[in-house]
Amino acid sequence: MPIDSSYLENDILLVNASATGSAVSVKGGTYVWGCEGTFGGTTATLQLANANGTFVNFPNASLTANGFAVVSLPVNGSVRVALTSGTPSAMFSNLVSVP
């Protein structure tokens with residue numbers, strides 16, 4: 001029997017990127033954040049916009065190689081992936097809700 005995934009949220013944060021991504025609105029809750037690509041010395045960090053719209057690094061959500069992190073977003077808000085240092089290329093990232 002196929003799994004009903006219609007209730008899952010899957011937000012695309014980066015597609016073939018080489019720079020920090022655009023903001024994406026998400027619901028609060030628990031998510032699995034994944035990022036992959038050619039890091040080339042880059043750090044990919046999930047960021048959350050605070051009340052005045054400034055993006056801040058989300059705790060324990062930084063990667064320097066392909067991987068995943070589980071994050072609990074406290075409220076509805078905007079997130080993005082910041083790519084810092086190095087020479088990133090072909091970076092892909094998504095955020096999938098955990099039921």
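## A tour of an eight-stranded model

The protein exposes about 5600 Å², and 54% of that area is supplied by carbon and sulfur atoms. The model on display is predicted.

**Whole chain.** Begin with the protein in a cartoon representation. Eight strands and zero helices are present, so the order from the N terminus reads β-β-β-β-β-β-β-β. The radius of gyration is 13 Å, close to the 13 Å that the globule rule gives for 99 residues, so the protein is as compact as a globular protein of that length. Along its principal axes, the C-alpha trace spans about 40 × 40 × 20 Å. Colouring by burial will show that buried residues account for 35% of the 99 residues. If contacts between residues at least 6 apart in sequence are drawn, 75% of them join residues at least 24 apart.

**The core.** Next, select W33, L46 and L95. These are the residues with the most contacts inside the largest nonpolar core, which has 23 residues. Extend the selection to the strands: β1 (10-17), β2 (24-26), β3 (29-38), β4 (43-49), β5 (55-63), β6 (67-73), β7 (77-84) and β8 each supply at least two residues of this core. In soluble globular proteins, nonpolar side chains tend to be buried together.

**Around L95.** Keep L95 selected and display its surroundings. Which residues does L95 contact, leaving aside its neighbours within four places in sequence? The partners are E9, N10, D11, L13, V26, Y31, V32, W33, L46, V71, L73 and V79. Two of these, W33 and L46, are named with L95 among the residues with the most contacts inside the core.

**A surface patch.** Move to F92, which lies in strand β8 (residues 89-97). F92 counts as partly exposed because its relative accessibility is 35%, between the limits of 20% for buried and 50% for exposed. Add I12 and V15 to the selection: together with F92 they make a nonpolar surface patch of about 280 Å².

**The loop after β7.** Finally, select S85, in the loop between β7 and β8. Is S85 buried or exposed? With a relative accessibility of 59%, S85 counts as exposed. Not counting residues up to four places away in sequence, S85 touches G41 and T42. To relate this loop to the core, draw a distance from S85 to W33: their C-alpha atoms are separated by 20 Å, and the two residues are 52 apart along the chain.

Definitions and conventions: Residues numbered from 1 in each chain as written. Predicted model: local features only at pLDDT ≥ 70, side-chain atom pairs only at ≥ 80, totals over all residues. Heavy atoms only, no water. Helix = DSSP H or I, 4+ residues; strand = E, 2+ residues; numbered from the N terminus. Rg over C-alpha atoms; globule rule 2.2 N^0.38 Å. Buried < 20%, exposed > 50% of the residue type's maximum accessible area, 1.4 Å probe, protein only. Contact = heavy atoms within 4.5 Å. Areas by Shrake-Rupley, 256 points an atom, 1.4 Å probe, with all protein chains shown as cover. Patch = residues over 30% accessible without salt bridge, like charges linked within 9 Å, V, L, I, M, F, W, Y side chains within 5 Å. Salt bridge = Lys/Arg side-chain N within 4 Å of Asp/Glu carboxyl O. Core = buried A, V, L, I, M, F, W, Y, C linked by side-chain atoms within 4.5 Å.
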